[in-house]
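Student: Could you take me through the salt bridges in this one? I'd like a close look at who pairs with whom, and where each pair sits.

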Amino acid sequence: MANSLRGEVLNLYKNLLYLGREYPKGADYFRSRLKAAFLKNKDVKDPEKIRQLIARGEFVIKELEALYFLRKYRALKQRYYSDDNQ
């Protein structure tokens, strides 16, 4: 059963690695933390625990997307509005 989740885990890793390219502290920092997090849980065999970890990873994806959206919004706001209007 755990083998059927392997594809999901690899897909999650690839998505997180792709999103980490724009991380504020740098892609290398993000990549090392991501690798450490996945290696920490490499021995998990319980399918239910794996599903929980995948759900946590998907939550991290949503948080990263929100972080990037907020950063872009702030950049646009600074570009078009002066500090006097706030």
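**The salt bridges up close**

Tutor: Let's start with Asp 28, which is exposed, its relative accessible area being 57%. Keep in mind that this is a predicted model. The partner of Asp 28 is Arg 31, and the closest N and O atoms of that salt bridge are 2.8 Å apart. Arg 31 is partly exposed at 40% relative accessibility. Both residues belong to helix H2 and are 3 residues apart, so about one helical turn separates them.

Helix H3 has a pair with a similar layout: Arg 51 and Glu 48 are 3 residues apart there, about one turn of the helix. Their closest N and O atoms are 4.0 Å apart. Arg 51 is partly exposed, with a relative accessible area of 35%, and Glu 48 is partly exposed too, at 46%.

Now for the pair that reaches across the sequence. Glu 22 forms a salt bridge with Arg 71, with 3.4 Å between the closest N and O atoms. Glu 22 sits in the loop between H1 and H2 while Arg 71 is in helix H3, so this pair ties together parts 49 residues apart in sequence. Glu 22 is partly exposed at 36% relative accessible area, and Arg 71 is partly exposed at 37%. That brings the count to 3 salt bridges.

Helices H1, H2 and H3 also meet elsewhere: each gives two or more residues to the largest nonpolar core. That core has 8 residues, among them Leu 16, Leu 34 and Tyr 68. Leu 34 touches Tyr 13, Leu 16 and Leu 17, leaving aside residues up to four places away in sequence.

Terms used:
Residues are numbered from 1 along each chain as its sequence is written. This is a predicted model: local features need pLDDT of at least 70, side-chain atom pairs count only at pLDDT 80 or more; totals for chains, interfaces and linings use all residues. Side-chain values use heavy atoms; hydrogens and water are left out. A nonpolar core is a set of buried Ala, Val, Leu, Ile, Met, Phe, Trp, Tyr and Cys residues joined through side-chain atoms within 4.5 Å. Buried means under 20% relative accessible area, exposed over 50%, partly exposed in between (1.4 Å probe, protein chains only). Helices (H or I, at least four residues) and strands (E, at least two) are DSSP runs, numbered from the N terminus. Contact means heavy atoms within 4.5 Å. A salt bridge is a side-chain nitrogen of Lys or Arg within 4 Å of a carboxyl oxygen of Asp or Glu.
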